[in-house]
Amino acid sequence: MFKLILIFLIFNIAHGYEFQNATQLESPWYAYLMVLGEPCGGSLVKDQYIVSAAHCFNKVKKDHYTNEEGKLEAAVKLKLGIWKTDRDPDCEPGVDDQICEYHVEIPPNELKVHERYNPNSGRERYKNDIAIIQLTWPPRMSELIKNIDLPDDDDCYEEFEEDVWTVTGFGMKPDKEYATTKKRIDLRMISKEECEDGLGDAKQFYDPKTHICGKGTKGETTCVGDSGGGIFAKSSSGTTLQGVVSFGVSECGTVGAPSGFVRVACYNDWISEKIDEWEDDSDESYSSKSVKSRLNIKRKKQKSKTSSGIYGFFSLFG
Ligand SMILES: *[C@@H]1O[C@H](CO)[C@@H](O)[C@H](O)[C@H]1NC(C)=O
């Protein structure tokens, strides 16, 4: 890890490429997290549930995972409907076609980190890099706040070479400042071989079974602060959360360097299970239907599958 950090500092080169700003209506499922002062992202997958990366919470004490006595709320701030972090509402004076709504801050009620995530497990430390937060109450949905569908279960095994997917976030730009306007990058999904070749030292953490990689052409990579946010695929049947930003090469902004994501489809069952646990505990469940059926999981074909064995993911940007 020290080595990675060192390399990051040395290669802190301001590349000429300026990341594209996302539009205000882009990724309305995006949750902006501030975890003990460090930014991370998340995705609203259902009315009050946010999927993020486990490593975002490495510094949060386990006994602060619930909000008794406001402990979780003190460690994790969470905002929805946010486009610019330096103004609230986002709209700029004199600029047309912007929506003027205040950011929606909702206290987290409970955090669940994948049981088999272990930041101290060496090469395995980015396996199962997934976490889910239950908000204290659901946000009011709007043009700026919407949830995103989970992928088809089968996407856990799928190759997506040449598909182009989109990531948004407020992570570090090549000038080493965190973005204050939501950024958007489009990445071409690449093969296991191409990913391994590009990852360099970070290759040791890569598990092709549970990670997926994407590559830009002009130095677009994810970076510190993007972790936990989503990479999403748009198709005629809708937009799906395919990955969670997890790791990458330490020199973010390197032309042609891959960015690594948790394959969300391999965790569909885990996500549903965690939500079920919460909703079973709750007297005020909205409906008696099983959660899985209410979660919007895109199914290409019906096929039963267990979640066995497919986990893993590593994060660099803790
Ligand atoms: C993104 O938005 C910021 C703030 O409005 C602006 O200063 C910057 O020039 C924009 N960047 C691009 C690439 O359009």
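Reader: Which residue of β11 stands opposite I190?
Author: This is a predicted model: local features need pLDDT of at least 70, side-chain atom pairs count only at pLDDT 80 or more, and totals for chains, interfaces and linings use all residues. Residues are numbered from 1 along each chain as its sequence is written. Strand β10 (residues 183–190) pairs with β11 in the antiparallel sense over three bridges, where pairing takes at least two DSSP bridges between two strands. Opposite I190 in β11 stands C213.

Reader: Which residue of β14 is the bridge partner of G214?
Author: β11 also pairs with strand β14 (residues 258–263), antiparallel over five bridges. In β14, G214 has as its bridge partner S259.

Reader: How many of the five residues of β11 are buried?
Author: Buried means 20 or more other C-beta atoms within 10 Å of a residue's own, exposed means 12 or fewer, and partly exposed lies in between, with C-beta atoms placed from the backbone. Strand β11 (residues 211–215) is mostly covered. Its buried residues number four.

Reader: Which strand gives the most to the largest nonpolar core?
Author: A nonpolar core joins buried Ala, Val, Leu, Ile, Met, Phe, Trp, Tyr and Cys residues through C-beta atoms within 7 Å. The largest has 69 residues, and I50, A53 and A131 have the most contacts inside it. With five residues, the top contributor is β2.

Reader: Which strands stand at the edges of the seven-strand sheet?
Author: The sheet is open and antiparallel, in the order β6-β5-β2-β3-β4-β8-β7. Two strands have a single partner strand each, so one side of each is left without a neighbour in the sheet. These edge strands are β6 and β7.

Reader: Which residue of β5 stands opposite M34?
Author: β2 and strand β5 (residues 76–80) pair in the antiparallel sense over five bridges. Opposite M34 in β5 stands K77.

Reader: How far apart are the end C-alpha atoms of α4?
Author: Helices (H or I, at least four residues) and strands (E, at least two) are DSSP runs, numbered from the N terminus. The expected span is 1.5 Å times one less than the number of residues. For the 14 residues of α4 (residues 268–281) that gives 20 Å, which agrees with the end-to-end separation in the model, 20 Å.

Reader: How many residues of the ligand shell are charged?
Author: E18, Q20, N21 and T181 surround the ligand, each with its C-beta atom, placed from the backbone, within 6 Å. Asp, Glu, Lys and Arg count as charged; Ala, Val, Leu, Ile, Met, Phe, Trp, Tyr, Cys and Pro as nonpolar; the others, Gly among them, as polar. The shell holds no nonpolar residues and three polar ones, and its charged residues number one.
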